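Reader: I should like to learn how to read salt bridges and sheet order in a model of this kind. May we take the features in turn?

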Amino acid sequence: MPRILIIDDQKDVRAMVAIVLRVNRYEVAEADSGAAGLKTFAEGSFDAAIVDIFLGDVSGVDVIATLREQAPELPVVAVSGMTALDFMEQSSHLANVVCLQKPFRPNDLLQALRKAQAAVSGELPAAV
């Protein structure tokens, strides 16, 4: 069963994402901050991460960069309620990150996760 790390400081968003993933046979670990997410990631093994860009304690972009330093091929979906995600292209650690804008539907989330997995395996470029 693929294991996904969800890092989002909004409890309701984390819960919704976790439910969608569990129903679709993913194992889920949740973190309510960037620091908690990095700690959880260091303590376990994950097949992908879903990271909110605007976290309360640190930037989600920095969290993604740190995750990618530790696991360069990690599929990552970046979620944000903001419209401009252009800054995602500013770092090589953010290559192949799939961006998903809130609010999103369950199918959008699953599709973004599949795209992130395909992007890091070289099957297709990441789509914003």
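Reader: Is E27 buried, partly exposed or exposed?

Author: In this predicted model, E27 has a relative accessible area of 36%, so E27 is partly exposed. Buried would require a value under 20%, and exposed one over 50%.

Reader: With which residue does E27 form a salt bridge?

Author: A salt bridge is read from a side-chain nitrogen of Lys or Arg within 4 Å of a carboxyl oxygen of Asp or Glu. Here E27 is paired with R3, and the closest N and O atoms are 3.2 Å apart. R3 belongs to strand β1 and E27 to strand β2; the pair links distant parts of the chain, 24 residues apart. R3 is also partly exposed, because its relative accessibility is 24%.

Reader: In which sense do β1 and β2 pair, and over how many bridges?

Author: Strands of a sheet pair through backbone hydrogen bonds, either parallel or antiparallel. In this case β1 (residues 3–7) and β2 (residues 27–31) pair in the parallel sense, over five bridges. Two positions illustrate the register: I4 stands opposite V28, and I6 has E30 as its bridge partner.

Reader: What kind of unit do β1, α1 and β2 make?

Author: Together with helix α1 (residues 11–23), the two strands make a right-handed β-α-β unit.

Reader: What is the strand order of the sheet?

Author: The sheet is open and has five strands in the order β2-β1-β3-β4-β5, with parallel pairing. At the edges are β2 and β5 (98–101), each of which pairs on one side only. From one strand to the next, the twist averages 20°.

Reader: Which strands does α1 touch?

Author: Helix α1 packs on the sheet and touches β1, β2 and β3; the direction of α1 makes about 170° with that of β2. Helix α4 (residues 106–120) also packs on the sheet, where α4 touches β1, β3, β4 (76–80) and β5, and its direction makes about 170° with that of β5.

Reader: How many salt bridges does the structure hold?

Author: There are seven salt bridges in the structure. One of them joins the side chains of D8 and K102, at 3.2 Å from N to O. D8 lies in the loop between β1 and α1, whereas K102 lies in the loop between β5 and α4, so this pair ties together parts that are 94 residues apart in sequence. Both D8 and K102 are buried.

Reader: Which residue meets E30 in a salt bridge?

Author: The side chain of E30 meets that of R14, at 3.4 Å from N to O. Since E30 is in strand β2 and R14 in helix α1, the pair ties together parts that are 16 residues apart in sequence. The relative accessibility of E30 is 35%, so E30 counts as partly exposed. R14, at 11%, counts as buried.

Reader: Which residues do salt bridges with shared partners join into one network?

Author: The network consists of D8, D52 and K102.

Reader: Let us turn to a loop. Where does G56 lie, and is G56 buried or exposed?

Author: G56 is found in the loop between β3 (48–52) and α3 (60–70). Its relative accessibility is 70%, so G56 counts as exposed. Sequence separation and spatial distance are read separately: G56 and S33 are 23 residues apart in sequence and 6.7 Å apart in space, C-alpha to C-alpha.

Terms used:
Residues are numbered from 1 along each chain as its sequence is written. This is a predicted model: local features need pLDDT of at least 70, side-chain atom pairs count only at pLDDT 80 or more; totals for chains, interfaces and linings use all residues. Side-chain values use heavy atoms; hydrogens and water are left out. Two strands pair if DSSP finds at least two bridges between them. Helices (H or I, at least four residues) and strands (E, at least two) are DSSP runs, numbered from the N terminus. A crossover is right-handed if, with the strands pointing away from the viewer, the path from the first strand over the helix to the second runs clockwise. Buried means under 20% relative accessible area, exposed over 50%, partly exposed in between (1.4 Å probe, protein chains only). Axes are lines fitted to C-alpha atoms, for helices over the stretch in contact, and angles run from 0 to 180 degrees between N-to-C directions. Contact means heavy atoms within 4.5 Å.
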